[in-house]
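Welcome! Open your viewer, keep the selection box at hand, and follow along stop by stop.

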Amino acid sequence: MHRSVTWGAVLALAGAIMSPLRAEPVLQLRTTLDDPKACGSQFDSANPNVSANTYATIASDVNYTIEAGDYLEYDVLIPAESTFAAGSVDFNLSAAPKAGNNGATLRDSFVAIDQWGLFAHPASNYATLSTRTTQVCGPDGKAQDVPVFQRGQWFTRRIDLSPLRVDADGNPISISGIMLAIDEHNTTMLQDVCPDPNNPTAIALFRNVNIKNRDAAGKEVVKRAIFNGEAKLPSGEATLDVTGDKAIGQVSVIDYKPATTPGNDTGTGTGTGTGTGTGTGTGTGTTNPAP
């Protein structure tokens, strides 16, 4: 068992234990696969992989220029009822980065890796982190070891964007679009995550989505806020319907409330949709499929 200590998380959770549970607005990407039995493998010619994904653009015309020291940070939660433990934030870029890249996206970069060693690609399987532990503050106020990933629990990803800041000619690269994505296959890094063949529904929740850096004093600063509990998507829509590759999905803002206090969470929670205003606030989109 691997172990890492994150005392910032310990302090944050200690404060949360002293506060009453309350619902918070979070982003939900809910995808229905056409056929969860059809997944396949990139390593089995007799049973080749079948592409199934949804890539939902929640913000376009972002025009954020990546700078040295920038990193993407977000919390992700996979509910118990999801058919697999995958789903991520993805970017469209203005050009293919010079360093370790196979295209003009975050997901196709070999150097876009989080602090746990997983690729940024939405086909990364979070279940592989279930045998690694970190320390949190338990209900008795004492530190306790818990898995880095558990279904029904939030965990934080930090992905260094610095290697993506220039193209092959040394020109600066900007983020043009931001997506939430679910995918069965990472054909760049040759990784597969297959669903429960009896469950067509994949769900991933996201909160505290930001691009961050540090100032001259070493203090963490938000360079571009993407989603932090607003009532609508970054695009201004209440919901976004997306047609993917052998899948359909919807992004919405839901009110999520954990069932128990942090540090003693049984992995359950409740969520209800939200919406305000007089308009419908809906949108439609098409997938931006992985290569």
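What follows is a walk through the model, from the whole chain to single residues.

**The whole chain**

Start with everything shown, and keep in mind that this is a predicted model. Colour by secondary structure and you will find 17 strands alongside one helix. The protein chain has 291 residues, and 46% of them count as buried. Switch on a surface next: the accessible surface of the protein chain is about 12,900 Å², and carbon and sulfur atoms account for 51% of that area. One more thing to look for is how the chain meets itself. Of the contacts between residues at least 6 apart in sequence, 74% join residues at least 24 apart.

**The nonpolar cores**

Hide the surface and select Leu 72, Phe 91, Ile 175 and Phe 206. These are the residues with the most contacts inside the largest nonpolar core, a set of 53 residues. As background, nonpolar side chains in soluble globular proteins tend to be buried together.

Now centre on Leu 72. Which residues does Leu 72 touch, not counting those up to four places away in sequence? Its partners include Val 89, Phe 91, Leu 106, Ile 159, Leu 161, Val 209 and Ile 226. Two arginines, Arg 157 and Arg 158, are also on the list, as is Asn 210.

Apart from this core lies another, made up of seven residues. To find it, select Val 26, Ile 203, Ile 254 and Tyr 256, which are among its members.

**Ser 88 in strand E5**

Select Ser 88, which sits in strand E5. Is Ser 88 buried or exposed? Its relative accessibility is 0%, so Ser 88 counts as buried. Show the side chain and look for the backbone oxygen of Ala 120, which lies 3.2 Å from a polar atom of that side chain. Ala 120 is also one of the residues in contact with Ser 88 when neighbours within four places in sequence are left aside. Others in that group include Tyr 74, His 121, Pro 122, Tyr 126, Arg 157, Met 179 and Phe 206. You have met two of these names already: Arg 157 is in contact with Leu 72, and Phe 206 is among the residues with the most contacts in the largest core.

**Ser 130, another serine**

Move on to Ser 130, in the loop between strand E5 (88–93) and strand E6 (132–137). With 35% relative accessibility, Ser 130 counts as partly exposed. Its side chain reaches the backbone oxygen of Ala 127 at 2.7 Å. Add Phe 149 to the selection: Ser 130 and Phe 149 are 19 residues apart in sequence, while their C-alpha atoms are 4.9 Å apart in space. Beyond its neighbours within four places in sequence, Ser 130 is in contact with Phe 149 and Pro 147.

**The disulfide**

How many disulfides does a search of the whole structure find? The search finds one. Select Cys 39 and Cys 194 to see it, with their sulfur atoms 1.9 Å apart. Cys 39 is in the loop between strand E2 (24–33) and strand E3 (53–65), and Cys 194 is in the loop between E11 and E12, so the pair ties together parts that are 155 residues apart in sequence. If your viewer reports torsions, check the S-S bond: its torsion is about -80 degrees, so the disulfide is left-handed. Cys 39 is buried, at 5% relative accessible area, whereas Cys 194 is partly exposed, at 39%. While you have cysteines in mind, pick Cys 137 as well: its relative accessibility is 8%, so Cys 137 counts as buried.

**Two positive phi angles**

Next, select Leu 190, in the loop between strand E10 (185–186) and strand E11 (191–192). Leu 190 is not a glycine, yet its phi is positive, about 60 degrees. Leu 190 counts as partly exposed, at 43% relative accessibility.

Then jump to Asn 208, which lies in strand E12. Asn 208 also has a positive phi, near 50 degrees, in a residue other than glycine. With a relative accessible area of 33%, Asn 208 is partly exposed.

**Last stop: Thr 201**

Finish at Thr 201, in strand E12 (residues 201–214). Thr 201 has 16% relative accessibility, so it counts as buried. Which residues are in contact with Thr 201, leaving aside its neighbours within four places in sequence? They are Arg 30, Thr 31, Glu 81, Ser 82 and Thr 83.

Technical notes:
Residues are numbered from 1 along each chain as its sequence is written. This is a predicted model: local features need pLDDT of at least 70, side-chain atom pairs count only at pLDDT 80 or more; totals for chains, interfaces and linings use all residues. Side-chain values use heavy atoms; hydrogens and water are left out. Helices (H or I, at least four residues) and strands (E, at least two) are DSSP runs, numbered from the N terminus. Buried means under 20% relative accessible area, exposed over 50%, partly exposed in between (1.4 Å probe, protein chains only). Contact means heavy atoms within 4.5 Å. Accessible areas come from the Shrake-Rupley method with a 1.4 Å probe; for residues, only the protein chains shown count as cover. A polar contact is a pair of N or O atoms within 3.5 Å; within protein, one must be able to donate a hydrogen and the other to accept it, and residues adjacent in sequence count only if both atoms are side-chain atoms. A nonpolar core is a set of buried Ala, Val, Leu, Ile, Met, Phe, Trp, Tyr and Cys residues joined through side-chain atoms within 4.5 Å. A disulfide is a pair of cysteine sulfur atoms within 2.5 Å.
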